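Reader: I should like to learn how burial, disulfides and pockets are read from a set of coordinates. Please give the general idea in each case and then turn to the example.

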Amino acid sequence: MKRSALLFLLISSAACINLKFISKRNSVDGCIDWSVDLKKYRVLAGEPVRVKCALFYSYIRTNYSMAQSAKLRLIWYKNKGDSEEPIIFSGHRLSKEDDSIWFRSAELQDNGFYTCVLRNSTYCMKVSMSLTVEDNDDGLCFNSKIRHLEKAEITKSKTITCPDIDDYLAPYKQPLMTWYKECQKKTWRSSVVVNTTSVWIPEVEEEDGGNYTCELTYGSRVVRRTTELKVTALLTTRPPKVLFPTERHPSLIDIQLGMPLSLDCRAFFGYSGESRPIIYWMKGEKFVEELKGHIRESEVRVLREYLGEKEVQLSLTFDAVEEGDMGNYTCYVENHIGRGHASAILQKRDLYRLELAGGLGAILLLLGFLTAIYRCYNVEIMLCYRRHFGSDEAEDDNKEYDAYLSYTKVDPESLHRSTSEEEQFALEVLPDVLEKHYGYKLFIPDRDLIPSSIYIEDLARSVEQSRRLVIVLTPEFVAKRGWSIFQLETRLHGMLVAGEIKVIMIECPDLQSVINYQEVEALKHTIKLLSVVKWRGPKSNQLDSKFWKQVLYEMPAKRKESLSRRQVLDSGEQGLFGDLQAVSTIAMTTTSASLAPAHAHAEIPDFNQTNPQMRHLCRSYEYEMPPSPVQMGTLGGRHMYCNIPMTLLNGQVGQNNAVGKGKPDVHLNSTFVPLSGRELTSDIW
């Protein structure tokens, strides 16, 4: 008897020490009711589960064996509505084992509350436990309502354990367990360690979030527990930040009286656990609830969220702005670390300033539109202005030529090969269009300059007498460094550096693959007045292409850019561009023989055939030659410009010239003799 009394006193004195549920219900029939325990039992249908009486684990300082020794009985009930019915244990699916109820296979009908009562004739205490039984979600191995939740900060380590399985583990025996992610077996990355009862992630990544399911074999059945891992950002160490209005300076907002208004406050909240963002508006020292009824706060709206970090918005709405609403409004944001704020000042709109701003905006928009048009069509606009209002550049500069044309020279050793597109453009198309269609006067060294002892001086003088220097950069021109004369000759180099003549470089495609192209880039940096025009192949040869507009824009201004059809056409010749006709490129003159130096030596090629009706091809045009007793050689079908020394055109050769061995004499009264190979391949251009 003394032992029972001592046990009762021990139970009564310790009843409130380790409570999980603070409030208890009134005693009924002298029985202390601790209501429902905080621990909840959750299980999938068909799985075993053990429901323990919580009195022995949380409410009294004794165990089941000591209670039996004190002649206390443990009785189980199931709650059905407001009543409690005693449980009849069948022993097959449901059985009582010491302080617990064992469900060998839980079913949906087992959902509910189970009450355990510990009593004798003078003492009674009871508590209830909840049991939830659910089926799997469709197509899944778990039910989303009964899974556990774990959180992990990104870049930190995390251990995921298999929860509530202690009742199914046998001592000194390794459990048989399999881990799944999203109900699928997973190939874990090398850094993740998977143990029997846990998964350890040393450095959490964003993709580690998801559902982890552990499956334990227990006899003929399995026990499954699912844990949802939620990956979050690192816990913030800073208070939230107001994005709008600006924190440092109040935002001035012009409003019109009588109009509705929505004043938005946007703020960023770092991850701070489960706390909700705290954000609110105030006017001075007053909260919005203390202001007039036409001013209200909206609900807090989450604009975007990432790993627990949020950008939220709270709007302050005015049904119709009144005079008394003018003033300073402050938006406050808070978390457990600190508080931030930013202000907006409402002021009446200045209509004059608004109209002025609108006018300036329209002007800026118009200027931007005109600038865009000019950038796209500046060449066409300038050509139109030059054609109608511009002056003739050649009126007062006392120069003879509009442009000096430098391009690839003719190589007699390669006369047999076909002409490339670049060479045809440089030798035929460019000079034809500039001279015959646009009426420019060009100086072409290979056509207009007579080789002599002062050849370089004549060439420099010709450049000085030209308003433009046009250099056609074909691949062959670049490979042979055709511009070298302008670097080597001091006078010509000085003209380029000092800007005495404007240079137009016409670049053909695929020049960067030529080995000497870097020298071209270096040359560009030495020229003071330089314009570069891109020739993009045969499509640029069309007269309406942008290429010709750019070339014409860089060439000297002329009041009359096109010649009449009568000036252009030469009867009997076929044109290159339909209505654009060609004229002969060589004017046969009867210049006095005294113009040629007496010491000039003419190297005459071998002549092996006689042709009374000789045709000489110069720049793709055929000329009927008068009968001549001279045996003349031909250069074949190669198209070229010709240097024709005046002494040869007049049929005169110096009396002391020595003719090469084995070469026949040449009749000196011939009206035309072709150039020698040396003259054709001169390095001076």
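Reader: Is cysteine 508 to be classed as buried or exposed?

Author: A residue counts as buried when its relative accessible area is under 20%. In this predicted model, cysteine 508 has 5% relative accessibility and therefore counts as buried.

Reader: And how is cysteine 384 classed?

Author: The class between buried and exposed is called partly exposed. Cysteine 384 belongs there, because its relative accessible area is 36%.

Reader: How many disulfides does a search of the whole structure find?

Author: A pair of cysteine sulfur atoms within 2.5 Å is taken as a disulfide. The search of the whole structure yields five disulfides. One of them joins cysteine 31 to cysteine 124, with the sulfur atoms 2.0 Å apart. Cysteine 31 belongs to strand S2 and cysteine 124 to strand S9 (residues 124-134), so this pair ties together parts that are 93 residues apart in sequence. Both cysteine 31 and cysteine 124 are buried.

Reader: Why is the disulfide of cysteine 31 and cysteine 124 called left-handed?

Author: The handedness is read from the torsion about the S-S bond. For cysteine 31 and cysteine 124 that torsion is about -65°, so the disulfide is left-handed.

Reader: Which handedness has the link of cysteine 53 and cysteine 116?

Author: The link of cysteine 53 and cysteine 116 is right-handed, with 70° about the S-S bond. Cysteine 53 sits in the loop between S3 and H2, and cysteine 116 in strand S8 (residues 112-119), so the pair ties together parts that are 63 residues apart in sequence. Their sulfur atoms are 2.0 Å apart, and both cysteine 53 and cysteine 116 are buried.

Reader: What is the torsion about the S-S bond of cysteine 265 and cysteine 331?

Author: The torsion is about -80°, so the disulfide of cysteine 265 and cysteine 331 is left-handed. The pair links distant parts of the chain, with cysteine 265 in strand S19 (residues 261-269) and cysteine 331 in strand S25 (residues 327-334), 66 residues apart. Both cysteine 265 and cysteine 331 are buried.

Reader: Let us turn to pockets. What volume has the second largest pocket?

Author: Rolling a probe the size of a water molecule over the atoms reveals where empty space is left. The second largest pocket has a volume of about 320 Å³. It is lined by 18 residues, of which Lys39, Tyr41, Lys52, Asp164 and Asp167 are the closest to its centre.

Reader: Which element supplies the largest share of the lining of the second largest pocket?

Author: Strand S2 does, with five residues. By residue class, the lining divides into six nonpolar, one polar and eleven charged residues.

Methods: Residues are numbered from 1 along each chain as its sequence is written. This is a predicted model: local features need pLDDT of at least 70, side-chain atom pairs count only at pLDDT 80 or more; totals for chains, interfaces and linings use all residues. Side-chain values use heavy atoms; hydrogens and water are left out. On a 1 Å grid over the protein atoms alone, a cavity is a set of points where a 1.4 Å probe fits but cannot get out, and a pocket is an open set with protein on both sides within 12 Å along at least five of seven lines; lining residues have an atom within 4 Å of a point. Grid points are joined across faces, edges and corners, and a volume is the space filled by probe spheres set on the points. Helices (H or I, at least four residues) and strands (E, at least two) are DSSP runs, numbered from the N terminus. Ala, Val, Leu, Ile, Met, Phe, Trp, Tyr, Cys and Pro count as nonpolar, Asp, Glu, Lys and Arg as charged, and the others, Gly among them, as polar. Buried means under 20% relative accessible area, exposed over 50%, partly exposed in between (1.4 Å probe, protein chains only).
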